[in-house]
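Trainee: I have a new model open and would like to work through it. Can we take it piece by piece?

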Amino acid sequence: YALYRYGGTEELVKSLLASNFPVIIEEGYAPEGYDWMGHYLLLTGYDDSVNVFTTMDSFKGSQNYTYEHILEHWQHFNYTYIVLYTADREEEVMELLGENADPWQNNILSLEIARNEATADQTDPFAWFNMGTNFVNLGMYDAAAQAYDQAVSLGLPWRMMWYQFGIYEAYYQTGRYDDMINIARQNQNDGGGHYVEETWYYLGMAREGRGEYNLALENYNSALSFNPNFTPAAEAKARV
């Protein structure tokens with residue numbers, strides 16, 4: 001089984017690893033010769049004597065990364081983590097997660113982490129972006145849109161919206177269809193984002209919101225051409 005949560009901490013990950021639960025984190029990644037990208041990293045252990053996590057890196061193989069390095073890059077994805085466990089150990093996992101076992105409470109705790117980071121450094125775009133993501137998860141779309149606006153104004157990696165789509169949801173729920181279209185077009189112009197089905201899906205949502213149903217249908221079809229199993233686009237196409 002796999003359990004997905006936000007707002008992970010060094011202490012929580014250590015407690016899970018110490019109990020032999022592998023943890024996958026999502027992080028920002030910019031190996032030499034490459035621009036920033038999203039990346040999953042499997043954490044398998046840690047060593048406090050040298051302050052490193054032992055990992056299996058799908059890009060580099062077995063690697064040790066310092067706690068500081070992990071936390072810096074993990075922040076780029078709202079400290080997202082996936083705990084792997086067998087069914088007979090579910091109760092143990094939930095006990096280790098504590099308040100984070102409940103998804104709603106997890107979002108509240110994750111929001112507090114981002115809010116504290118933004119308060120400590122108001123020029124940190126990732127803290128503001130994470131605030132937006134957590135506000136979306138809590139259904140607080142006006143606050144989310146404002147947090148995302150601040151993140152965008154401070155500057156984000158150009159691939160950011162290839163992986164994280166809460167900003168589209170915030171703008172959609174607040175009627176900011178033009179802003180959704182601008183983000184989608186930027187993704188398309190960036191090259192690889194042209195092949196991200198969510199780009200086409202949210203572009204379609206914006207077109208539908210503006211009453212441009214023929215264009216919306218084209219966008220939903222484009223999303224499905226890249227991923228025929230992308231259920232949100234299929235449902236939106238049927239609705240239009």
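Trainee: Which strand holds Leu-3?
Mentor: This is a predicted model, so treat every value as computed from it. Leu-3 falls in the run of residues 2–5. That run is strand β1.

Trainee: Is Leu-3 buried or exposed?
Mentor: The cut-off for burial is under 20% relative accessible area. Leu-3 has 5% relative accessibility. Leu-3 therefore counts as buried.

Trainee: Which residues does Leu-3 contact, leaving aside neighbours within four places in sequence?
Mentor: One group runs through Tyr-81, Ile-82 and Val-83. Strand β6 covers 81–84. Leu-3 also meets other residues, so count the full list: Tyr-81, Ile-82, Val-83, Tyr-85, Met-94 and Leu-97.

Trainee: What separates the C-alpha atoms of Leu-3 and Ala-101?
Mentor: Along the chain, Leu-3 and Ala-101 are 98 residues apart. In space, their C-alpha atoms are separated by 9.2 Å.

Trainee: Where is Asn-78, and what is its phi?
Mentor: Asn-78 sits in the loop between α2 (67–74) and β6 (81–84). Asn-78 is buried, at 2% relative accessibility. Asn-78 is not a glycine, yet its phi is positive, at about 60°.

Trainee: What is phi of Tyr-79?
Mentor: Tyr-79 also lies in the loop between α2 and β6. At 8% relative accessibility, Tyr-79 counts as buried. Tyr-79 is a residue other than glycine with a positive phi, near 55°.

Trainee: Where does Asp-124 lie?
Mentor: Helix α4 covers 103–120 and helix α5 covers 125–137. Asp-124 is in the loop between α4 and α5.

Trainee: Which side chain of opposite charge is nearest to Asp-124?
Mentor: Asp-124 is buried and has no salt bridge. A salt bridge needs the nitrogen and the carboxyl oxygen within 4 Å. The nearest side chain of opposite charge is 14 Å away. That side chain belongs to Arg-115.

Trainee: Which backbone nitrogen lies 3.0 Å from a polar atom of the Asp-124 side chain?
Mentor: Asp-124 touches Gln-75 and Leu-154, not counting residues up to four places away in sequence. The nitrogen you ask about is on another residue. The backbone nitrogen is that of Phe-126.

Trainee: Which residue forms a salt bridge with Arg-115?
Mentor: The partner lies in helix α4 with Arg-115, 3 residues apart, about one turn of the helix. Arg-115 is partly exposed at 32% relative accessibility, and the partner is partly exposed at 33%. The closest N and O atoms are 3.3 Å apart. The partner is Glu-112.

Trainee: How far apart are the closest N and O atoms of Arg-176 and Asp-179?
Mentor: Arg-176 is partly exposed at 25% relative accessibility. Asp-179 is partly exposed at 27%. The two form a salt bridge, with the closest N and O atoms 2.8 Å apart.

Trainee: Which parts does the salt bridge of Arg-239 and Glu-208 tie together?
Mentor: The closest N and O atoms of Arg-239 and Glu-208 are 2.8 Å apart. Arg-239 lies in helix α12 (residues 231–239) and Glu-208 in helix α10 (residues 197–209), so the pair ties together parts 31 residues apart in sequence. Arg-239 is partly exposed at 48%, whereas Glu-208 is buried at 14%. The parts tied together are α12 and α10.

Trainee: Which residues are linked in a network of salt bridges?
Mentor: The structure holds 10 salt bridges. The network links Asp-178, Arg-207, Arg-210 and Glu-212.

Trainee: How many helices and strands does the protein have?
Mentor: Buried residues make up 48% of the 240 residues. As for secondary structure, the protein has 12 helices and 6 strands.

Trainee: What is the radius of gyration of the protein?
Mentor: The C-alpha atoms fill a box of roughly 60 × 40 × 40 Å along the principal axes. With 240 residues, a compact globule would have a radius of gyration near 18 Å. The protein agrees with that, at 19 Å.

Trainee: What share of the accessible surface belongs to carbon and sulfur atoms?
Mentor: The accessible surface of the protein comes to about 11600 Å². The share belonging to carbon and sulfur atoms is 49%.

Terms used. Residues numbered from 1 in each chain as written. Predicted model: local features only at pLDDT ≥ 70, side-chain atom pairs only at ≥ 80, totals over all residues. Heavy atoms only, no water. Helix = DSSP H or I, 4+ residues; strand = E, 2+ residues; numbered from the N terminus. Buried < 20%, exposed > 50% of the residue type's maximum accessible area, 1.4 Å probe, protein only. Lys, Arg positive; Asp, Glu negative; His and termini not counted. Polar contact = N/O pair within 3.5 Å; in protein donor to acceptor, adjacent residues only side chain to side chain. Contact = heavy atoms within 4.5 Å. Rg over C-alpha atoms; globule rule 2.2 N^0.38 Å. Areas by Shrake-Rupley, 256 points an atom, 1.4 Å probe, with all protein chains shown as cover.
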